[in-house]
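User: Could you take a close look at one part of this model for me? I'd love a connected walk through a single helix and what surrounds it.

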Amino acid sequence: MRITSVQAMPVSYRVPEGRQVTLGIGRTIKRDAVLVKVETDEGIVGWGEAHHGRCPGAIARLIDTTIRELITGMDPLDVVAVWDRVYRMQLASHGMGAAAAMALSGIDIALWDIRGKACRWPIYRLLGGGRNHVPAYAGGISLGWQDPTALAEEAQGYVEQGYRAIKLRVGDTPKRDIARVRAVRSAVGEDIDILVDANTSYTTDDVRRVMPAYEEFAIGWLEEPFPPHDHRSYASAAALGSVPLAAGENHYTRFEFTRLIEDGAVHFAQPDISKAGGITETLRIAAQTSAWKISLNPHTSATGINMAVTLHVLAAIDNPGYFEADVANHNPFRDEVGGKPYELDSNGCVQPPSGPGLGIEIDEEFIRAHPLIEGPCYV
Ligand SMILES: [Mg+2]
């Protein structure tokens, strides 16, 4: 089998006013994604998703010009060879760094979709897993900075849907963050796992101020208090209390995860399969973290493609953590690109799709109806 065509499709939609959520990286005014379609000489078509990198047109251009030229004609089933070629020609030297990792991720996912379709197996089975139940938390673009009473009501709504874990957005002022966490803990009771995400907005002094309250309210993890390269602050914050730190959605490839693991400050690893290097690289990261007894809790990207692939991987590794369910109340990327790829069961768990490859059918009409909108997605 040979790769005959590689095409990136950037897609966007505006988030309606009144449904915009504010978090540590700003207020969401639109959402973006980059879908990747790989065609073969045997007629099998694979789909992947690259993270948008806050400039989806640039990621798409990298795929449609340079990377397409590098991999057309290669065997799509030999995912390691394709990964290695893109790595050497775009990531390792004089390439586009994070953008190349995102582009490579989308292509790698599409190749795994082709592998699954070629043998008519779902990806989780190809990877050695089963159609396992994975615990999910209510996350994504939700539970943002808002009045504590309204936030507690929103959180309670997810618990009523069946979620046993929820993730709040912090990274505001320590005082406001603590008031929100207190209100939500009081509303949902002791049995719900409350996670918090600062989206890189804290200082170490902020962590010192919030830590006693987060300990009191039994917070499950404090996610991304700092940018990923601020290694020193991670080390300092880890010594400030007993709430474990989580990070990884802004880490690329096993090489960056090596340092994250060895620094010893982070206890929940969160690679995004559409950023970290696709399935091929996330399996390597899973093996690394497994040896250190760190669970994998992938960051969820934008569309049903990333959600499906995340579930396949979580169902096939020995250190699965949570699946991040994007519970945004208006999310056509989740519901319409390939149909919502999971349903929450009564135990707050989800399963991967059971069909061949990703197990979802991509709606190309949706793609045509949601062309790229230039400009920032957070303001
Ligand atoms: Mg996060």
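**Helix α3 and the sheet beside it**

Analyst: Just after α3, arginine 120 adopts a positive phi of about 60 degrees, so that is a handy place to start, bearing in mind that the model is predicted.

Stepping back into the helix itself, α3 runs over residues 97-119. Its 23 residues should span 33 Å at 1.5 Å a residue, and because the end C-alpha atoms are 33 Å apart, the expected and modelled lengths agree. The helix is also mostly covered, with 17 of its 23 residues buried.

Now to the sheet. Three strands form an open sheet in the order β1-β4-β5, and their pairing is antiparallel. At the edges lie β1 (3-14) and β5 (45-50), each of which pairs on one side only. On average, neighbouring strands here are turned by 20 degrees against each other, direction ignored. Between β1 and β4 (residues 30-40), the antiparallel pairing extends over 11 bridges; within it, serine 12 stands opposite aspartate 32 of β4. Helix α3 packs on this sheet, touching β1, β4 and β5, and its direction makes about 150 degrees with that of β5.

Elsewhere in the model there is a metal site to visit. The magnesium ion has Asp197 (OD), Glu223 (OE) and Glu249 (OE) as its protein donors, at 2.0 to 2.2 Å. The pair of glutamates links distant parts of the chain: glutamate 223 sits in strand β9, while glutamate 249, 26 residues apart from it, is in the loop between β10 and α9. With a relative accessible area of 1%, glutamate 223 counts as buried, and glutamate 249 is buried too, at 8%.

How values were computed:
Residues numbered from 1 in each chain as written. Predicted model: local features only at pLDDT ≥ 70, side-chain atom pairs only at ≥ 80, totals over all residues. Heavy atoms only, no water. Donors = N, O, S within 2.8 Å, 3.2 Å for Na, K, Ca; no water. Helix = DSSP H or I, 4+ residues; strand = E, 2+ residues; numbered from the N terminus. Buried < 20%, exposed > 50% of the residue type's maximum accessible area, 1.4 Å probe, protein only. Expected span 1.5 Å × (residues − 1). Pairing = 2+ DSSP bridges. Axes fitted to C-alpha atoms, helices over the stretch in contact; angles between N-to-C directions. Contact = heavy atoms within 4.5 Å.
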